[in-house]
Amino acid sequence: MNTVAVYRVCLRLYPRRFRDEYAADMALLLSDQLQAEPALRVWGRLALDLLITIPNHHLEAHMNRHSTTLVSWVFALISGAAAIVAAILGSVIGWLGILLAISAASGITAVVAHRQSRLITGRPASANWWKFLAGGALTLAILAAVTTRTGELPTGWWVPSMIVLLAALGACVAGAVLGVTHLIKARSGHLMG
Amino acid sequence: MTRKRKPLPSASLHIVLALLDGELHGYEVMNRVAEISNGAVRMGPGTVYGTLNRLLDDGLIEETTDRVARADSERRRYYQLTAAGRAVAIDELSRLRRMVQGASRHLPDPATT
């Protein structure tokens, strides 16, 4: 295995995006260096370069990653899972309350985390219209499933159910309004562009 | 009101100054940096391309590979300063000159050494 081939193996230690973009150029640069200087001297400098730049590029890649995107997805999954389990254990009132509380709290956290990640990416809020619509529709469906399964709502559950129902309807309306706004923006942008 | 820009990090500064003469590819950048620093700064491929990548992101340099037909049998990527990059390079040179002027009184007098 020659020097450049060994270096190509070392290049696998860089973050994928950086590697995909520059690995070929870096290997070419090394072969140019090897034609002009003794291999031992080049490798001495190269070892130091690898030692310093690999952790540095990983750190940069990590800092550039939108960590809140992952957080929002995790909490959205927890929220969905809790809602599904609540629908299954609908007849056990205590569990139903706990699971719906977990689902609501996780849902709110997911929305907050998603909004933060959206601030980083700079996407307009109206681009997410379908998420409001889907979230509202999903909540309505879960509410319908839970009330169908439990039959008449027990005392004390009417108010929270109505709040959830109104929130779901609100999300649907917000989704529809944002969707129309997005459509108008997209059309005007297309006409202007 | 214009915001005061932070001085460029060492690797970026050297590459920006190296590109003042015109477009270069990675290996030429490395050699030019060694030349202008009198051999004191010798960058490896990871430093050269990591810094070029950062300067591209900051809009201080641009890739010019596809603008001109090249004689290279191997496809190399060429880079040059943008207008903003050139302004930053000139700013950095002025800053370095002011710094040297300010501190040069501490240098021993050539007549006495």
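A residue counts as buried when its relative accessible area is under 20%. By this cut-off, Asp25(A) and Arg77(B) are both buried in the predicted model described here. The two residues form a salt bridge, with their closest N and O atoms 3.2 Å apart. Asp25(A) lies in helix H2 of chain A and Arg77(B) in the loop between S2 and S3 of chain B, so the pair joins two chains. For Arg77(B), the relative accessibility is 14%.

Arg77(B) also meets Glu21(A) in a salt bridge, at 2.9 Å from N to O. This pair likewise joins two chains, because Glu21(A) lies in helix H2 of chain A and Arg77(B) in the S2–S3 loop of chain B. Glu21(A) is partly exposed, with a relative accessible area of 39%. A further salt bridge links Arg54(B) and Glu60(A), whose closest N and O atoms are 2.9 Å apart. That pair crosses between chains as well, from helix H3 of chain B to helix H3 (residues 39–64) of chain A. Arg54(B) is partly exposed at 28% relative accessibility. Glu60(A) is partly exposed too, at 25%. Salt bridges with shared partners join Glu21(A), Asp25(A), Glu63(B) and Arg77(B) into one network. Over all chains, the structure holds ten salt bridges. Side chains of opposite charge can pair when their charged atoms come close.

Chain A contains seven helices and zero strands. Along the sequence, its pattern reads α-α-α-α-α-α-α. Chain A has 193 residues, of which 28% count as buried. Its accessible surface comes to about 12300 Å², and 71% of this belongs to carbon and sulfur atoms. Among contacts between residues at least 6 apart in sequence, 68% join residues at least 24 apart.

Confidence varies along chain A. The mean pLDDT of the chain is 79, and 81% of its residues reach 70 or more. Among the elements of chain A, H2(A) has the highest mean pLDDT, 93, and H5(A) the lowest, 72. Where pLDDT is low, the predicted coordinates should not be read in detail.

Arg19(A) is placed in helix H2 (residues 16–36) of chain A. Leaving aside residues up to four places away in sequence, Arg19(A) touches Leu11(A), Arg12(A) and Tyr14(A). Its C-alpha atom is separated by 10.0 Å from that of Arg8(A), eleven residues apart along the chain.

A nonpolar patch of about 780 Å² is found on the surface of chain A. Its members include Val74(A), Ile78(A), Ile84(A), Trp95(A) and Ile102(A). Helix H4 (67–88) and helix H5 (93–121) each give two or more residues to the patch. The largest share, five residues, comes from H4(A). Ile84(A) is found in helix H4. At 52% relative accessibility, Ile84(A) counts as exposed.

Chain B holds an open sheet of three strands in the order S1-S3-S2, with antiparallel pairing. Strands S1 (24–25) and S2 (61–63) stand at the edges with a single partner strand each, so one side of each is left without a neighbour in the sheet. Two bridges join S1(B) to S3 (residues 78–81). His25(B) stands opposite Tyr78(B) in S3(B).

Elsewhere in chain B, Asn38(B) has a positive phi of about 60 degrees although it is not a glycine. Asn38(B) lies in the loop between helix H2 (26–36) and helix H3 (45–57). Asn38(B) is exposed, with a relative accessible area of 73%.

Notes:
Residues are numbered from 1 along each chain as its sequence is written. Chains are lettered from A and ligands numbered from 1 in the order in which they are written. This is a predicted model: local features need pLDDT of at least 70, side-chain atom pairs count only at pLDDT 80 or more; totals for chains, interfaces and linings use all residues. Side-chain values use heavy atoms; hydrogens and water are left out. Helices (H or I, at least four residues) and strands (E, at least two) are DSSP runs, numbered from the N terminus. Buried means under 20% relative accessible area, exposed over 50%, partly exposed in between (1.4 Å probe, protein chains only). Contact means heavy atoms within 4.5 Å. Accessible areas come from the Shrake-Rupley method with a 1.4 Å probe; for residues, only the protein chains shown count as cover. Patches are made of residues with over 30% relative accessible area and no salt bridge: like charges are joined within 9 Å, nonpolar side chains (Val, Leu, Ile, Met, Phe, Trp, Tyr) within 5 Å. A salt bridge is a side-chain nitrogen of Lys or Arg within 4 Å of a carboxyl oxygen of Asp or Glu. Two strands pair if DSSP finds at least two bridges between them. pLDDT is the predictor's confidence in each residue, from 0 to 100.
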